[in-house]
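Trainee: I am new to this structure, and I would like to learn how to read a few of its features.

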Amino acid sequence: MGLLSDPNRRRALINLLTRLNAPICAVCYIAGVAWFMGLAFEPFTLRTYMSENAMGSTMVEERFPAGERALATGREFAAHKKRAGGMPVDWLVKTMQSRGLEVFTQKFSRTLPFPDENKERYMVKGTNVYGILRAPRAPRTEALVLTAPCSPGDDNNQAVGLLLGLAQYFRNQIYWAKDIIFLVNEHDLIGMQAWLEGYHHTNTTGIDWSPLQGRGGSIQAALSLELSSDIITSLDLVLEGLNGQLPNLDLANLFYAFCQKIGVTCTIQGKPCCPDHDADGNEASQRPTMGGPRAFFTCHHCWQVRTNDFSFINQILKLNNLLERLHQSYFFYLMPSLSHFVSIGYYMPAFGLLAVILLLRALDLWVQLATPPVRTEDGIADLEQSSPEVLSVLTPLVISHLTGAALYFFPIQFQATAVEHFPVSESEAVVLTAIAIYTAGLALPHNTHRLLSGEGVEQDWRVLKLIAVLYMAVLLGCTALINFSLGFILALTLVPMAAFITPHRPKVLSAFIMVILSPACTLLFLVFFFQDLQEIPVSFEDGWMLFLSVISQGILDHSLYGSLVYPLIALMVYPCWLLFWNILFWK
Amino acid sequence: MAAPLTVVLIVAVTVRACLFRSSLADLIAERVEVVSPLNAWKRVVEGLALLDLGVSPYSGDVFHETPLIIYLFHFLVDYAEITFMLADVITAVALYYAVQDYNTQVLRQQKFALEAERLPLDSLELIRSPRQMYYIPLKVAMVYLLNPFTVLSCVAKSTCGLNNAIVALFILSTIKKNALLSAIFLALSTYQSIYPVTLCAPAVLYLLQRQYIPVNVRWASFWWFLLQYAFMYLGSLFVIICLSFFLLGSWDYLPSVYGFILSVPDLTPNIGLFWYFFAEMFEHFRLFFLCVFQINVFFYTIPLSIKLKEHPVFLIFMQLAVISIFKSYPTVGDIALYMSFLPVWSHLHRFLRNIFLVSCVLLACSALFPVLWHLWIYSGSANSNFYYAITLLFNVAQILLVSDYFYAFLRREHHLTYGLYLKRKDGSEATLVLK
């Protein structure tokens with residue numbers, strides 16, 4: 001309590017912080033970025049280890065005897081798929097039944113808000129087929145799910161074949177303690193969403209689905225298979241979920257341990273894991289999770305990894321031994337490589353250092369507001385300070401949020417009128433409307449001031465900046481908790497801008513820097529950077545088209561899967577940025 | 001002043017009506033920060049359904065509100081939204097008139113002190129002028145009505161709004177010197193949730209002060225008034241309890257309501273301090289810790305009353321704050337009630353020391369509550385420790401806020417007695433330090 005109650009020490013500390021405010025902010029920023037970069041190095045990363053005792057040493061099979069048969073089934077599936085022109089529901093039902101599973105189907109349909117050009121679909125109708133292998137010796141309270149998406153064309157046929165082969169193999173074993181559900185879903189993630197919603201009796205995204213007739217217990221874990229060809233050269237682990245959720249680290253470690261045992265190359269996010277640490281691993285983990293969802297079993301409390309692999313029987317066996325939900329290992333982690341991870345205690349301080357900058361700025365503004373320059377005339381200190389006009393602070397707040405709401409609602413609502421008047425397709429209309437509203441927001445400060453009668457007092461921009469800085473700190477903090485990568489990237493670009501913008505900076509240069517650091521330009525830059533990381537650099541036109549498609553995917557993901565990135569950016573980050581834009585042009 | 005108040009009322013009612021009609025109403029009604037097992041609307045509806053079936057509404061450990069509430073809603077269930085909006089309006093108007101009367105009292109006392117020359121010369125800048133205090137009642141009403149916590153509580157149809165209305169009417173009748181009504185409303189609010197019994201002390205102190213009876217155990221009139229007030233209070237409480245018995249025909253409401261409040265069997269997470277402790281505690285020690293936690297709410301009454309016996313309205317504020325922080329099932333509606341008093345003490349602004357820290361922490365915690373709840377319950381990544389950390393931080397910030405205002409109040413009183421610029425015995429400048 002000493003600091004809070006002793007007035008002399010407080011005053012000294014506050015004086016120090018206000019005098020050295022700018023240097024401390026700069027040091028914190030550099031320290032934050034350096035800390036993050038250093039996360040790839042030895043002292044910060046820990047070797048991965050299995051936390052859950054139930055998944056420890058057990059008997060595991062090293063061979064899968066029915067591999068050839070699985071390939072044959074895969075080819076049969078491909079033939080039937082081509083003949084049916086979609087998902088061969090009857091053949092799948094018959095095949096699963098012949099393998100001794102309880103088979104059920106589920107129909108679903110969804111109309112997208114606007115046509116999806118990447119996957120070329122608008123009105124989606126499909127059927128999911130799933131078979132349940134009941135546990136012979138245990139009550140049916142828990143389940144594991146194996147899925148293989150049924151993709152159009154020639155992709156993923158081997159995965160379905162493998163799935164059916166595994167069903168046959170598992171049927172002959174007697175040690176299963178949990179129900180195993182083999183699911184073949186159509187239209188990948190939409191079908192998966194429909195199945196999960198039907199399984200858990202929720203309806204959050206507006207998909208129409210028929211209720212599920214058959215059900216297992218609560219889902220403990222899920223594995224999704226995707227096989228691109230008959231010959232496997234490496235295994236790729238895809239971990240990120242919707243809204244930045246991650247599966248339990250145990251699941252990833254288990255998978256990696258088996259790969260090492262068998263001697264197959266394992267990659268994470270498409271990059272081979274580097275045994276010696278260098279900064280490359282770190283940049284890979286900086287990848288933004290603003291793109292499409294990977295797995296959203298995580299929303300329903302079970303964990304999924306997507307793999308391209310065929311010897312994960314061992315993984316299923318280990319999962320069979322789980323006595324309770326995966327909870328021992330970490331849920332908040334970053335993986336620079338498959339054998340090392342960074343826990344939340346090590347990566348949060350990097351973000352914390354950036355957030356401290358905002359708090360220091362807020363403290364500085366508070367002190368400036370609380371102690372007006374005292375002009376002693378006639379020996380009496382002038383204590384009458386003009387209280388800040390509430391209206392002049394409230395107006396930019398309201399207008400910025402209204403613009404954000406417009407950015408959120410208008411693109412989809414007005415795509416029909418846009419298509420009528422301009423020669424563009426619907427998805428282009430949506431994206432271009434979004435960009436147009438975003439750019440129109442830049443013209444706001446002039447209109448805001450026209451609405452205000454009288455001139456703004458010198459103090460008022462400080463009050464507005466205080467509110468904006470605290471708003472940004474809280475917003476970035478909440479985002480970093482849910483999705484660290486997104487929060488950190490937003491913080492990297494927005495914090496320096498927030499800290500140093502005042503109406504007294506040179507207008508043109510600051511305006512230019514602000515536009516460069518705004519969320520849309522950050523996204524554009526990240527698209528190019530990501531392509532570079534994948535080692536497929538693109539030209540400017542291709543990059544721009546990719547940027548447009550990222551925006552349309554973001555809007556679609558929000559309405560289809562409940563992803564929060566688009567509402568967050570449109571309703572919160574963008575108005576916050578607009579507040580600072582208002583402050584820059586304060587008259 | 002009626003016109004601005006009416007405008008504020010209309011704006012508040014519009015905001016609530018819009019939210020009632022939107023899809024957010026259901027979402028808000030499920031938030032644990034806004035509703036608790038005591039005052040959730042869902043439970044009132046369950047109780048009404050049980051009553052309609054002829055079964056006691058207290059069977060099955062679902063409904064924990066008092067019989068008077070259930071009979072009120074038996075007739076008003078179709079107009080529930082209007083009832084809650086009306087409760088908020090009544091609270092705001094009651095607080096408005098109460099604070100207006102209180103300000104008149106304060107100005108009068110200040111005038112007497114000035115005329116009697118009891119104030120040292122250099123503390124004259126601490127004197128408040130009628131112009132400064134003119135807008136305070138309107139600000140109090142505005143802060144209560146437009147506080148996001150109040151709006152959320154109203155939209156969730158939590159019966160906390162009704163409890164706040166009763167407490168506000170109690171405060172109004174106390175300040176208007178009406179001892180009978182004050183006792184009746186206090187009995188009603190004690191009947192609703194036990195904790196307002198601690199507001200007896202400030203009510204008695206205020207009424208004694210207004211009747212110019214010194215608070216001294218040797219004076220017969222002190223004991224006579226105390227006896228009168230106790231009689232009125234206990235009498236009304238007795239009448240209300242017997243009425244509840246006759247309404248439902250049984251005494252099951254006593255263990256269901258008061259037993260529930262005192263023994264805290266339901267450990268649903270909320271913004272209070274009880275749930276986590278009792279979830280991890282051994283059964284062996286449960287009674288001991290229960291007593292410790294419950295005594296904590298009542299404990300501060302005596303020392304605070306002794307210190308603040310000249311300032312009973314500030315004592316009411318402190319008591320309301322202590323109740324909201326330490327009660328067994330707090331919600332944000334309770335916090336909104338004591339926060340609406342903050343404009344009354346706006347003249348203490350220059351002595352407040354931690355207001356920046358407190359506001360930042362309160363703001364951050366209010367934003368982090370839903371985030372960590374989502375991470376814990378829906379994503380399964382976090383766990384109860386994360387949520388309780390934010391709860392603890394939130395309560396620490398509230399305690400810091402209340403103690404800061406207490407310090408500022410006492411410091412101002414000290415300056416009014418000893419002067420603003422303090423000097424040590426040898427004439428050098430001194431500063432006040434709270435040790």
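Mentor: We will take a helix, a surface patch and a single residue in turn. This is a predicted model, in which local features need pLDDT of at least 70 and side-chain atom pairs count only at pLDDT 80 or more, while totals for chains, interfaces and linings use all residues. Residues are numbered from 1 along each chain as its sequence is written, chains are lettered from A and ligands numbered from 1 in the order in which they are written, and side-chain values use heavy atoms, with hydrogens and water left out.

Trainee: How many residues of helix H9 of chain B are buried?

Mentor: Helices are DSSP runs of H or I with at least four residues, numbered from the N terminus, and buried means under 20% relative accessible area with a 1.4 Å probe, counting protein chains only. In H9(B), 15 of the 16 residues are buried, and the helix is followed by Lys177(B), whose phi is positive, near 70°.

Trainee: Which residues make the nonpolar surface patch of chain B?

Mentor: Such a patch joins nonpolar side chains within 5 Å, from residues with over 30% relative accessible area and no salt bridge, that is, no side-chain nitrogen of Lys or Arg within 4 Å of a carboxyl oxygen of Asp or Glu. Here Val7(B), Val11(B), Val15(B), Met142(B) and Leu146(B) make a patch of about 370 Å², to which helices H1 (2-21) and H7 (136-146) of chain B each give two or more residues. H1(B) gives the most, with three residues.

Trainee: Where does Asn157(A) lie?

Mentor: Asn157(A) lies in helix H6 (residues 157-171) of chain A, and Asn157(A) is buried, with a relative accessible area of 5%.

Methods: Buried < 20%, exposed > 50% of the residue type's maximum accessible area, 1.4 Å probe, protein only. Patch = residues over 30% accessible without salt bridge, like charges linked within 9 Å, V, L, I, M, F, W, Y side chains within 5 Å. Areas by Shrake-Rupley, 256 points an atom, 1.4 Å probe, with all protein chains shown as cover.
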